[in-house]
Amino acid sequence: MASLQEPFLKNTDIGRIKITRFFLIPIFVIFLFSHHKIPDAGVLDITMELVSIILIFIGVSGRLWSTLFISGYKTTNLITVGPYSICRNPLYFFSFIAIIGIAMETEMITIVLMVLLGFAIFYPSVILKEEKLLLQLHGKDFEEYCKRVPRFFPNFKLYTEPDKYVFETRLYRKAFFDSMWFILAYPLMEIIEKLHEHNILPTYLYLW
């Protein structure tokens, strides 16, 4: 069974990465040559900065939590405990939270809306493709799982977890470092903002 799953899941991972780059890279380029209209040190400015930090923390923590439960099992078992007991796609959900946090760090509501729109357009098809595979692999078990657990937005009332859980440390270590770019994005955004403020980077757009 694993031999059938691994090539497909590898292809879905590659597709997801391509889609992410497709809609995030142009947004980053827009940010690179733009500056926010929101007054510095104002209420909205401080609020967006604070919310940004909170969302990035929640997103990265959630990704690591989700990866812990799936490490070593992605191509073999249907995981229905831990974060997978409250949401069928917790990795996507927490990645979404982290990406919104990064978008808010730009202090441009326009960028936040662009990220929301991009995610809403591109990611549902990725999730549906992966769920079709899981249905083929796990049949009625997956059907029953879908009936009781929401696809994207978590229902924390459903949470269950085992007393003990075994995971593959090598895969978890890789996922840990993969998640670090969310954290590194925060100081990068700050540096770019300072470069604009000191006219080192040109500003072609001023956005709300």
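How much area does the protein chain expose, and what share of it do carbon and sulfur atoms supply? In this predicted model, the exposed area of the protein chain comes to about 12,000 Å², of which 69% is supplied by carbon and sulfur atoms. Of the 208 residues in the chain, 40% count as buried.

The protein chain contains 6 helices and 2 strands, and these elements follow one another along the sequence in the pattern α-β-α-α-α-α-α-β. When contacts between residues at least 6 apart in sequence are considered, 83% of them join residues that are at least 24 apart.

Helix 3, which comprises residues 90-105, was examined in further detail. Because each residue is expected to contribute 1.5 Å, the 16 residues of this helix should span 22 Å, and the computed separation of its end C-alpha atoms, 23 Å, agrees with that expectation. Of these 16 residues, 15 are buried, and helix 3 is therefore largely enclosed by the rest of the structure. Just after helix 3, Glu-107 adopts a positive phi of about 65°.

The cysteines were considered next. A disulfide is a covalent bond between the sulfur atoms of two cysteines. With a cut-off of 2.5 Å between cysteine sulfur atoms, the count of disulfides in the model is 0. Cys-87 has a relative accessible area of 1% and is classed as buried because this value lies under 20%, whereas Cys-146, at 25% relative accessibility, counts as partly exposed.

Key: Residues are numbered from 1 along each chain as its sequence is written. This is a predicted model: local features need pLDDT of at least 70, side-chain atom pairs count only at pLDDT 80 or more; totals for chains, interfaces and linings use all residues. Side-chain values use heavy atoms; hydrogens and water are left out. Helices (H or I, at least four residues) and strands (E, at least two) are DSSP runs, numbered from the N terminus. The expected span of a helix is 1.5 Å times one less than its number of residues. Buried means under 20% relative accessible area, exposed over 50%, partly exposed in between (1.4 Å probe, protein chains only). Contact means heavy atoms within 4.5 Å. Accessible areas come from the Shrake-Rupley method with a 1.4 Å probe; for residues, only the protein chains shown count as cover.
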